[in-house]
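Here's a quick briefing on a two-chain model, for anyone about to open it in a viewer. Have a look at the sequence and the coordinates first, then read on.

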Amino acid sequence: MHELALCQAMMSQVETIARTHRASRVTSITLGVGPLAGVEAQLLHHAYPIASAGTIAEGAELVIEETPIRVHCGRCNEDSDALVNRLVCGRCGDWRTELVSGDELLLVSVELDKTCPSPTGELH
Amino acid sequence: MCDTCGCNLTHGNEHLIAPGGKLEITASGREAVSVLHGLLHENDHAARHNRAHFDAHGVLAVNLMSSPGAGKTALLEATIEALDGDLSIAVVEGDLETENDAERIRRHGVPAIQISTGSACHLDAHMVHDALHNLDLAGIDILFIENVGNLVCPASFDLGQHANVTLLSIPEGDDKPAKYPVMFRAADLVMLSKIDLLPVLDDFDPGRAEHYLQNLAVTSPVINVSSKSGAGIEHWLQWLNDRVELQRAATHSSSGAPPVHSHDHSHGPAPAGARHVEK
């Protein structure tokens, strides 16, 4: 399983973003993952605490939004919902469809805390 | 999917970041930064670098994927023998452990670099890039990258290849495309391997395998092959020759264009005594 490798790649991107925005910590990370991305959300959740330990995102919430599988049919020019191993047109049944969404593996957004801790440890 | 032109944003996910969308939440004192980068941004960057390197040398790079034991190395051995020197070949082998496959290829007089991935279940673009430092691509027509035997993870990592070839061997069963849709959707060519076993494993129906591929909207060709008997090898060689011609035409048409490939290190064979790449 490559979910830990993916989480480590994600942490590298998140740390760069946090540094660029001079954030004190990362509070939330949101991913968009399609069922055809080849990644299990549950395994990402398991790998995430390991990959984020000791980083600026330690303790941040990981939100994984599943994107829907949608296909476009060139024959009837319609978009329809589809299943992970049945990507035929939901309207006319033609199999020569194109995937419109469902294989995304995206870092969608990162929520940053930009308040600085004071020397006494209080936020200001 | 790329990270530059906005094609990451589709009908399927744009609602997430639209005003009022689920991902537009901004709690007080906090800033939500919209990113929309592929999670494999760094791998994809390295893959583009590899591809530019292949293109600069006019090399066709083919990523071979399958379950363990589907016959990737045997296919390469049969290919080398059948080509009989008509095309110049080099091989990058990916396995968790051992140099066995690279040694099998070298016995045929073909250069092979073994990547030992340790516990990693797939090759990534950085591993392939490191391997390229030990390989002279001058005069090579086809570089085969034999991925780690695995029908799951290798499909997610771009290595810089020009084509993915996925093998499905007869003993595995004809419903593998339905069970591993991500892998088979990634294939530019599907090969049903070990077809010499069809008479004894007659519950495998090639028509059913193709039906499952069609359910995945896979329009890629399917070639039946037996590395052992040589059946179907001529169709495979024809496919390879067509792809090599395409790659040569692309290289030729881009000659004279500004160089797209530059970096601060050199590629080529490592000094004598250098170890093979391990990770």
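This is a predicted model, and chain B comes with an average pLDDT of 87, with 81% of its residues scoring at least 70. The model as a whole scores ipTM 0.85 and pTM 0.84. The points below start with confidence, then go through the contact between the chains, the sheet they share, and each chain in turn.

**Where to be careful**

- Residues 1-7 of chain B have a pLDDT below 50, and beyond near neighbours in sequence this stretch has eight contacts in the model.
- Residues 22-27 of chain B also sit below 50 in pLDDT, with 13 contacts beyond near neighbours in sequence.
- Where pLDDT is low, the predicted coordinates shouldn't be read in detail.

**How the two chains meet**

- Chain A puts 43 residues into the contact, and chain B puts in 39 residues.
- On the chain B side, at least two residues each come from helix 1 (14-17), strand 1 (30-38), helix 2 (41-56), helix 7 (181-185) and helix 8 (206-215).
- Strand 1 of chain B gives the largest share of that side, with nine residues.
- By character, the chain B side splits into 18 nonpolar, 16 polar and five charged residues.

**A sheet built across the chains**

- What order do the four strands of the open sheet take? They go 2(A)-1(A)-6(A)-1(B), with mixed pairing.
- Strand 2 (61-66) of chain A and strand 1 of chain B are the edge strands; each has a single partner strand, so one side of each is left without a neighbour in the sheet.
- On average, neighbouring strands of this sheet are turned by 20° against each other, direction ignored.
- The link between the chains is made by strand 6 (residues 105-113) of chain A and strand 1 of chain B, which run antiparallel and are joined by seven bridges.
- To find that link in the viewer, try Asp113(A), whose bridge partner in strand 1 of chain B is Arg30(B).
- Leu107(A) is another handy marker, with His37(B) as its bridge partner in strand 1 of chain B.
- Within chain A, strand 1 (residues 25-33) pairs with strand 6 in the antiparallel sense over eight bridges.
- Along that pairing, Leu31(A) stands opposite Leu107(A), and Val33(A) stands opposite Leu105(A).
- Leu107(A) therefore turns up in both pairings of strand 6 of chain A, opposite Leu31(A) and as the bridge partner of His37(B).- Is strand 6 of chain A buried or exposed? Nine of its nine residues are buried, so this strand is largely enclosed by the rest of the structure.

**Helices on the sheet**

- Helix 1 (residues 3-20) of chain A packs on the sheet, where it touches strand 1 and strand 6 of chain A as well as strand 1 of chain B.
- The direction of helix 1 of chain A makes about 40° with that of strand 6 of chain A.
- Helix 2 (residues 41-52) of chain A lies across strand 1 and strand 2 of chain A, and runs at about 165° to strand 2 of chain A.

**Chain A overall**

- Chain A has two helices and six strands, which follow one another as α-β-α-β-β-β-β-β from the N terminus on.
- The C-alpha trace of chain A spans about 65 × 30 × 20 Å along its principal axes.
- Chain A has a radius of gyration of 19 Å, whereas a compact globule of 124 residues would come in near 14 Å.
- Of the 124 residues in chain A, 43% are buried.
- Among chain A contacts with a separation of 6 or more, 69% are between residues 24 or more positions apart.

**A covered strand in chain B**

- How many residues of strand 2 (residues 60-65) of chain B are buried? Six of its six residues are, which leaves the strand mostly covered.
- Both faces of strand 2 of chain B are covered, with Leu60(B), Val62(B) and Leu64(B) buried on one side and Ala61(B), Asn63(B) and Met65(B) buried on the other.
- Strand 2 of chain B pairs with strand 5 (residues 142-146) of chain B in the parallel sense, over five bridges.
- Strand 2 of chain B also pairs in the parallel sense with strand 6 (residues 163-169) of chain B, over four bridges.
- Val62(B) is a good place to see both pairings: it stands opposite Phe144(B) in strand 5 of chain B and opposite Ala163(B) in strand 6 of chain B.

Technical notes: Residues numbered from 1 in each chain as written. Chains lettered and ligands numbered in written order. Predicted model: local features only at pLDDT ≥ 70, side-chain atom pairs only at ≥ 80, totals over all residues. Contact = placed C-beta atoms within 7 Å. Nonpolar A, V, L, I, M, F, W, Y, C, P; charged D, E, K, R; others polar. Pairing = 2+ DSSP bridges. Axes fitted to C-alpha atoms, helices over the stretch in contact; angles between N-to-C directions. Rg over C-alpha atoms; globule rule 2.2 N^0.38 Å. Buried ≥ 20, exposed ≤ 12 C-beta atoms within 10 Å, placed from the backbone. pLDDT = per-residue confidence, 0-100.
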